[in-house]
Amino acid sequence: MKGLVIFKRIYWGLLLLSTSANAQWYQHSFEVMGTMSHVEFWLDNSEVEKEQAINDKADTLIQVVKQEMIRIDQQMSPYIEQSELSKINREAGVKAVKISQELFDLLIIAQNISTLSDGAFDITYASIGYQYNYREQKRPNQQAIIEALPLIDYASVQLESSKLTVRYTSDQVKIDLGGIAKGYAVKRCLALLKSAGVQNALVSAGGDTGLLGDRYGRPWLVAIKHPRAENKNAAVIPLTNEAISTSGDYERYFVEDGVRYHHIINPKTGDSARKVVSVSIIGDDPTYVDALSTTVFVKGLTVGMQLINNLDNFEAIIIDNKQRLHFSNGLQQ
Ligand code: ADP
Ligand code: MG
């Protein structure tokens, strides 16, 4: 993380415009998983390939990325009745359910992060989570929270690796992968681009961004949104070959009696986490940085920063309630 420079208020839009008209950069934005996704990559046509051939290759790669995101959404969305996740939520409370290796591996990562964070990250938060509807400004009352809290416990999800099964300890338990699935999708898409020979690429899904290589000899510049001013950035971070995820209380929320109810839930209280307003995590693995941004958001500035400072290979940028920026040790040289 050497030589980190923070440029305030540089916009993505301006950065994209800097691409010259005949450059071999390709980009595409599309909606999937309830959010905007973006893919951008460089194809080298210095060899024999004709322009048409390289354009066709780019179109194919864009479709590959799009289809991969759609595939993961179909597998992991709680809103899709036929998804593997919905099936587990219906059946695993009654019996052990055999699941795909892919979902099993992701559930193991989720569980590791729950252990690491002492339950600040917990996919069983969903027992409360589904009672919030931010668009309709609905939230569970205190009684509903008290009833649901005992159901939030990552230890209620039992994973049997020899049989690839998942079983819940109660039929009331539900899980949701909203805090980790987008990072995983970004990771998968980058792997697909890489295996197709792409060396420089950006893939993002909402606040989760993964990078391959650099942007034509310069670092990629990834913006951290200003948490309280739309269309402004709090910081722009130069990065190469890394991933960054931002969790903010401004993405899905409503305000009632001056209190902000948003989509990151403290599993210990069933209420939105309010110690900080934005957390960005930087690291090699898009899946981990996604889950860790949610985790550190719940933990808050002091404990959250400590968690990151104690981990090798991860850095954090936290914006507190007074909109001050805080940086983990590795970003401070
Ligand atoms: P975004 O989805 O906007 O990228 P995050 O990565 O912070 O933001 O993930 C927030 C999502 O994580 C929520 O929408 C919800 O699906 C899920 N979630 C909320 N609280 C928790 C929690 N304590 N542990 C695990 N997942 C959570
Ligand atoms: Mg996250």
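**Exercise 1. Work out how strand β10 is joined to β13, and which residues face each other across the pair.**

Start with the bridges: in this predicted model, β10 (residues 243-248) and β13 are linked by six of them, and the two strands run antiparallel. Next, pick out the partners. A243 sits opposite G283 in β13, while S247 has V279 of β13 across from it.

**Exercise 2. Now go to the other neighbour: how many bridges join β13 to β14, and is β13 covered or not?**

Count first: seven bridges tie β13 to β14 (residues 314-320), and this pair runs antiparallel. For a residue pair, take S278, which stands opposite I319 in β14. Then check the cover. β13 spans residues 276-283, and eight of its eight residues are buried, so the strand is mostly covered if you put the cut-off at under 20% relative accessible area.

**Exercise 3. Place these strands in their sheet, and name the edge strands.**

Walk across the sheet strand by strand: the order is β1-β2-β6-β7-β10-β13-β14-β15, eight strands in an open sheet with antiparallel pairing. The edges are β1 (25-32) and β15 (325-327), each of which pairs on one side only. Neighbouring strands here are turned by 10° against each other on average, ignoring direction. Last, add a helix: α2 (residues 51-76) lies across β1, β2 (35-42) and β6 (200-205), and runs at about 25° to β1.

**Exercise 4. Find the protein donors of the magnesium ion (ligand 2), and explain how far apart D290 and T294 are along their helix.**

List the atoms: D290 gives O and OD, S293 gives OG and T294 gives OG1, at 2.2 to 2.7 Å from the ion. Read along the chain, the donors follow the spacing D-x2-S-T. Now the helix: D290 and T294 are separated by about one helical turn because they are four residues apart in α8 (residues 286-299). As for cover, D290 and T294 are both buried.

**Exercise 5. Describe what surrounds ligand 1, and pick out its polar partners.**

Begin with the shell: 18 residues surround ligand 1, and the closest are D122, Y125, K182, S247 and I265. You've already met S247, opposite V279 in β13. Then take the polar pairs:

- A nitrogen atom of ligand 1 is 3.0 Å from a backbone N or O atom of A120.
- An oxygen atom of ligand 1 lies 3.0 Å from a polar side-chain atom of H263.
- A side-chain N or O atom of D290 is 3.0 Å from an oxygen atom of ligand 1.

To finish, link the two ligands: D290 has that side-chain pair with ligand 1, and D290 also supplies donors to the magnesium ion.

Definitions and conventions: Residues numbered from 1 in each chain as written. Chains lettered and ligands numbered in written order. Predicted model: local features only at pLDDT ≥ 70, side-chain atom pairs only at ≥ 80, totals over all residues. Heavy atoms only, no water. Buried < 20%, exposed > 50% of the residue type's maximum accessible area, 1.4 Å probe, protein only. Pairing = 2+ DSSP bridges. Axes fitted to C-alpha atoms, helices over the stretch in contact; angles between N-to-C directions. Contact = heavy atoms within 4.5 Å. Donors = N, O, S within 2.8 Å, 3.2 Å for Na, K, Ca; no water. Near = heavy atom within 4 Å. Polar contact = N/O pair within 3.5 Å; in protein donor to acceptor, adjacent residues only side chain to side chain.
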